[in-house]
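The exercises below concern the interior spaces of one protein chain and a few of its residues. Work through each task with the model in view before reading the solution.

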Amino acid sequence: MLNITLDDPASSGQTLQQQLHQGLVDAILEGRLPMHEPLPSTRDLATSLKVSRNTVMLVYQRLMDDGYLTAVWRRGHFVNEQYIRQQLRLRVDTRTASLFSPERDPKLWERHLGFRPSAARNIVKPGNWRDFPYPFIYGQVAVDKTTISRWRDSMRLAGSLAHSASWVGDQVDMDDPKLLEQIITRILPHRGLRAHPEQMLITIGAQNALFLVGQLLAGKGRRVGVENPGYVDARNIFAASGADIVPLPIDSEGVVPSSAMNSCDMVYVTPSHQCPTSVTMSLDRRLQLVERSRAEDFILVEDDYEHELNYLGNQRAALKSYDNSGHIIYIGSLTKLMFPGLRVGYIVADSELITELRALRRLSYRHPSGQDQRAMALFMGEGHLDAHLRRTRDRLADKWQIMQSELASQLPDIHFTPTAGGSAFWVTLPKGIDAWAVHREAARRGVLIEPGDVHYVDGATAPRNHMRLGFAAIDRGQIAAGISQLRDAIMTVTAEKDKGTATQ
């Protein structure tokens, strides 16, 4: 039985032609269309569905090309019985699996798992964060319709025959030369960097770059210094490799070059905007770190996220730009401020290390999507990434000002770390106020925040009165009301704490 409903393309995300094609394929494979009866004529189906006859004709032709339908002269279109029977023969009967084991072994993975990544302390972000009217959530972005439209055009062009050679075949361990060229000419100079293609590797986002570096340079018996508080996923990646994690203190200038670094084999830092406090590393501190890495012979991993988001003063040159000894590995992302879900990152390092990282990447997934790489190269080549970053910086700078003003006026009893930019504020609540209690109370008021204790290496001793407020995803017009609701949540938690103290 043919029963197809077509929705508005604007809300469904599919054209009428795509919806009709999918509906007919589903009907054919589910056996709802008898093989001995013709489908409705193109004119009749178009009339019943209130679409153009041309739409139906194009769908019927495509289904014939793909083998689903066959045309019979003067009778119409029929389901291709031979093709469907071939499809049905592909189904596999798995009932025999029950013959080999009467019941599941409850101890199976307890015996075979060497470690459990799921047990690591991680930031938990609800999948329905868009349902919160005040999402002060970090790592998500507001929709930029202009950028989406231009990215769609770049993907369409990358998928054309003219560019297909760059991604149709297996590229083994190679990267798209056009994307490397765009990064070298458009991205690196703004960071004070120069590089050749053999000194670069494309990755599936900056986090994947950290994983590759961790697999190659961390491991059992190695000591990795991380900022404390710091980037949770980097800490977990290095810990998962078996390395010993060394917490490194931070201050208003970034990571402190303390004596704890002396025993490290590798040190991970976020100099542009420290994660999670968003402070920018000073020039003096950068030079100290570069010299320290050479003198103490440790590898310095520079994660340069949010480099573009300085609203006060000029952007600082990357640590890697001062490196003449080869001790620094630079990691960047092309998509974090555009589409975090797209996942395109890169590594800049000595060619000898890139050779090994490339070989390691090949063992894992060979190379990132060739079509995504070519689309990004085209997107950057037309200046769309630069334009997106300018628009994003302007929007976030405006929100940054509003956030500072509202936090200072509505929450005078809290402290937020002064920054020169970024997309979040690191907030310290009054002593004794639990950020998780505030998190729960704020959520009831439609406010989504991120408690900060997870960013500390030692969860048992981590302070419980820190939280991070991201502002990239929230509408600027909602910030003041969101801070007001957060203030009420903090007041409620404070009153409950005082009440509990008084009754003890």
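For sorting lining residues by class, Ala, Val, Leu, Ile, Met, Phe, Trp, Tyr, Cys and Pro count as nonpolar, Asp, Glu, Lys and Arg as charged, and the others, Gly among them, as polar. The model is predicted.

**Exercise 1. The second largest pocket**

Task: State the volume of the second largest pocket and divide the residues of its lining into nonpolar, polar and charged.

Solution. Begin with the space itself: the second largest pocket holds about 310 Å³. Next, locate its centre, where Trp129, Arg130, Val141, Ala142 and Val143 lie nearest among the 19 lining residues. Finally, apply the classes: the lining divides into 13 nonpolar, three polar and three charged residues.

**Exercise 2. The largest pocket**

Task: Find which element gives the most residues to the lining of the largest pocket, and describe that lining by class.

Solution. The largest pocket has a volume of about 580 Å³. It is lined by 26 residues, and those closest to the centre are Lys125, Gln207, Tyr231, Asp233 and Lys336. Two or more lining residues come from each of α9 (205-217) and α10 (232-240). Of the elements, α9 contributes the most, with four residues. By class, eleven of the lining residues are nonpolar, nine are polar and six are charged.

**Exercise 3. Enclosed cavities**

Task: Determine how many cavities of 30 Å³ or more the model holds, then describe the lining of the largest cavity and of the second largest cavity.

Solution. Step one is the count, which comes to five cavities of 30 Å³ or more.

Step two takes the largest cavity, with about 140 Å³ of space. Its lining has 17 residues, and Arg191, Glu308, Ser333, Leu334 and Leu337 are the closest to the centre. The elements that supply two or more lining residues are β10 (328-333) and α14 (384-410). The strand β10 gives the most, namely three residues. Sorted by class, the lining of the largest cavity has nine nonpolar, three polar and five charged residues.

Step three turns to the second largest cavity, which contains about 100 Å³ of space. Its lining consists of Val141, Ala142, Asp144, Leu337, His388, Thr392, Arg395, Leu396, Lys399 and Ala472. Five of these residues are nonpolar, two polar and three charged.

**Exercise 4. The surroundings of Ala472**

Task: Place Ala472 in the fold, decide whether it is buried or exposed, and list its contacts beyond its neighbours within four places in sequence.

Solution. Ala472 sits in the loop between β16 and α16 (479-503). Its relative accessibility is 13%, so Ala472 counts as buried. Leaving aside neighbours within four places in sequence, Ala472 is in contact with Gln140, Val141, Ala142, Leu396, Lys399 and Ser423. Among these partners, Val141, Ala142, Leu396 and Lys399 also line the second largest cavity, as does Ala472 itself. A further pairing in space is with Phe136: the C-alpha atoms of Ala472 and Phe136 are 8.0 Å apart, although 336 residues separate them in sequence.

**Exercise 5. The surroundings of Asn465**

Task: Repeat the analysis for Asn465, giving its place in the fold, its burial and its contacts.

Solution. Asn465 belongs to the loop between β15 (450-451) and β16 (466-470). With a relative accessible area of 15%, Asn465 is buried. Beyond its neighbours within four places in sequence, the contacts of Asn465 are Val427, Thr428, Leu429, Pro430, Lys431, Ile433 and Ala435.

**Exercise 6. Cysteines**

Task: Explain why Cys275 is not bonded to Cys264, and say whether each is buried or exposed.

Solution. A search of the whole structure gives zero disulfides. Cys264 is in no disulfide, and the nearest cysteine sulfur to its own is that of Cys275. The cysteine sulfur closest to that of Cys275 is in Cys264, 18 Å away, and the two are not bonded because this is too far for a bond. Cys264 counts as buried at 4% relative accessibility. Cys275 is also buried, with a relative accessible area of 4%.

**Exercise 7. The chain as a whole**

Task: Summarise the chain by its helices and strands, its burial and its contacts.

Solution. Count the elements: the chain has 16 helices and 16 strands. Along the principal axes, the C-alpha trace spans about 85 × 65 × 60 Å. Of the 504 residues, 46% are buried. Among contacts with a separation of 6 or more, 71% join residues 24 or more positions apart. The exposed area is about 25,500 Å², of which carbon and sulfur atoms supply 51%.

Key:
Residues are numbered from 1 along each chain as its sequence is written. This is a predicted model: local features need pLDDT of at least 70, side-chain atom pairs count only at pLDDT 80 or more; totals for chains, interfaces and linings use all residues. Side-chain values use heavy atoms; hydrogens and water are left out. On a 1 Å grid over the protein atoms alone, a cavity is a set of points where a 1.4 Å probe fits but cannot get out, and a pocket is an open set with protein on both sides within 12 Å along at least five of seven lines; lining residues have an atom within 4 Å of a point. Grid points are joined across faces, edges and corners, and a volume is the space filled by probe spheres set on the points. Buried means under 20% relative accessible area, exposed over 50%, partly exposed in between (1.4 Å probe, protein chains only). Contact means heavy atoms within 4.5 Å. Accessible areas come from the Shrake-Rupley method with a 1.4 Å probe; for residues, only the protein chains shown count as cover. A disulfide is a pair of cysteine sulfur atoms within 2.5 Å.
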